[in-house]
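I opened the notebook on this model to look up three things, one after another. The entries follow in the order in which I made them.

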2 protein chains.
Amino acid sequence: MTKGSRTRRQIVDRALTLASHVGLEHVTLGTLAGELELSKSGLFAHFKSKEALQLAVLTEAIERFVAAVVRPALAEPRGEPRFVALFDRYLGWIGRGGAPSPAAGRCIFMALSQEYDDRPGEIRDTLVRSQEDWRSAVARAARIAVEEKHFRADLDVDQVAFEVVGIAMTYQQASKLLAHPDAERRARSAFEALLARCRRPRRRGPRRA
Amino acid sequence: MTKGSRTRRQIVDRALTLASHVGLEHVTLGTLAGELELSKSGLFAHFKSKEALQLAVLTEAIERFVAAVVRPALAEPRGEPRFVALFDRYLGWIGRGGAPSPAAGRCIFMALSQEYDDRPGEIRDTLVRSQEDWRSAVARAARIAVEEKHFRADLDVDQVAFEVVGIAMTYQQASKLLAHPDAERRARSAFEALLARCRRPRRRGPRRA
């Protein structure tokens, strides 16, 4: 790693932490320069604009999400174990606010969904792609669980992904904004109920394929 | 209504529309003065600070939510009909972005949950109270449905409220940010599954109360 790329990395890192606290919108070259004790022109050498910086932050957040949630879950056995691992790691990500240290802010993707849902541009496009990718990853894990015969054959896997995201969102509001001590238990209970609907029915005898 | 209170109302109205597009954080006396063709000092006569204005906007949004969602649902018969009406009107509110005209932005409460979840102060306190009130209203409607024997006696009504909020949140992301045409159908399908879990089981003969 060259000195330049180390500095760039340090900038993105700090910007990501800042974004998870005050919102990406407020991450400007000025604020960051102050935080990092760099000159604005020093920052400008790495990022030509506020938008370029914000896009780098979002891209970094996506990479971290994939590294912390998606990739480790893919190492789990195909079927329900992998599907459950995705959810577990998703809750963990939200609990940590998508940051390395515990309780360090909020999930940047959920915050951005609010900040950017009606602002066209490259940031919004990247955000949309990341959220579509995530819903697809959950749906795909559910689809594999159907193939493994853990889940019912007629399962609507996109519906499952839609609901998994909802559980995570209400969990985030309950645990962060409302500071409900039972938020995680409720999230797991909602997920258990969803799992029960996904699984093949057992008691009513053999089903058609 | 005096001229002063008419003007005040007009200011809050415009600020609320603005907040649902750019976020409450960006509703400043300066921006608003420009929008309303008022002087900043004219605005200042009505609101002594940006915070006072933002608090008035949030309070107005809460009143509109109660008028559009909670109060009409309370006119429905006790039990499942009232519970369903709350959900229906909640979806309608999100679909309209909490604004009078269709597709006019996003739900101000969800946006604020992101903007203010770690910023202490009166706005955050008011927001927390409004979200607690809403979850309580949903739980209370479910509790009444238990009393009316529409829902099962052992139902965890706070869990139901937790899940209803989640369905609405994923619906908002799917319909606004991701522009999924099937978002409303998916929200209704998730709600139907939740309803099925709430209802008293029918096929297994009489239950103990």
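Below are my notes on the copies, the cysteines and one pair of helices.

I am working from a predicted model, in which local features need pLDDT of at least 70 and side-chain atom pairs count only at pLDDT 80 or more, while totals for chains, interfaces and linings use all residues. Residues are numbered from 1 along each chain as its sequence is written, chains are lettered from A in the order in which they are written, and side-chain values use heavy atoms, without hydrogens and water.

Entry on the copies. I found that a rotation of 180° with 0.0 Å of shift along its axis lays chain A on chain B at an RMSD of 0.0 Å (least squares on C-alpha atoms of residues with pLDDT of at least 70 in both), so the two copies are related as by a two-fold rotation axis. In chain A, the residue closest to that axis is Gly166(A), with its C-alpha at 2.1 Å.

Entry on the cysteines. Taking a disulfide as two cysteine sulfur atoms within 2.5 Å, I counted zero over all chains. The sulfur of Cys198(B) has its closest cysteine sulfur in Cys198(A), 18 Å away, which is too far for a bond. Cys198(A) is buried (under 20% relative accessible area, with a 1.4 Å probe and protein chains only) at 0%, and Cys198(B) is buried at 1%.

Entry on the helices. Helix 1 (residues 3-22) and helix 2 (residues 29-36) of chain B (DSSP runs of H or I, at least four residues) pack at about 110° with axes 10 Å apart, and are therefore roughly perpendicular (65 to 115 degrees, between N-to-C directions of axes fitted to C-alpha atoms over the stretch in contact, on a scale from 0 to 180 degrees).

Conventions:
Helix = DSSP H or I, 4+ residues; strand = E, 2+ residues; numbered from the N terminus. Parallel < 35°, antiparallel > 145°, perpendicular 65-115°, else oblique. Buried < 20%, exposed > 50% of the residue type's maximum accessible area, 1.4 Å probe, protein only.
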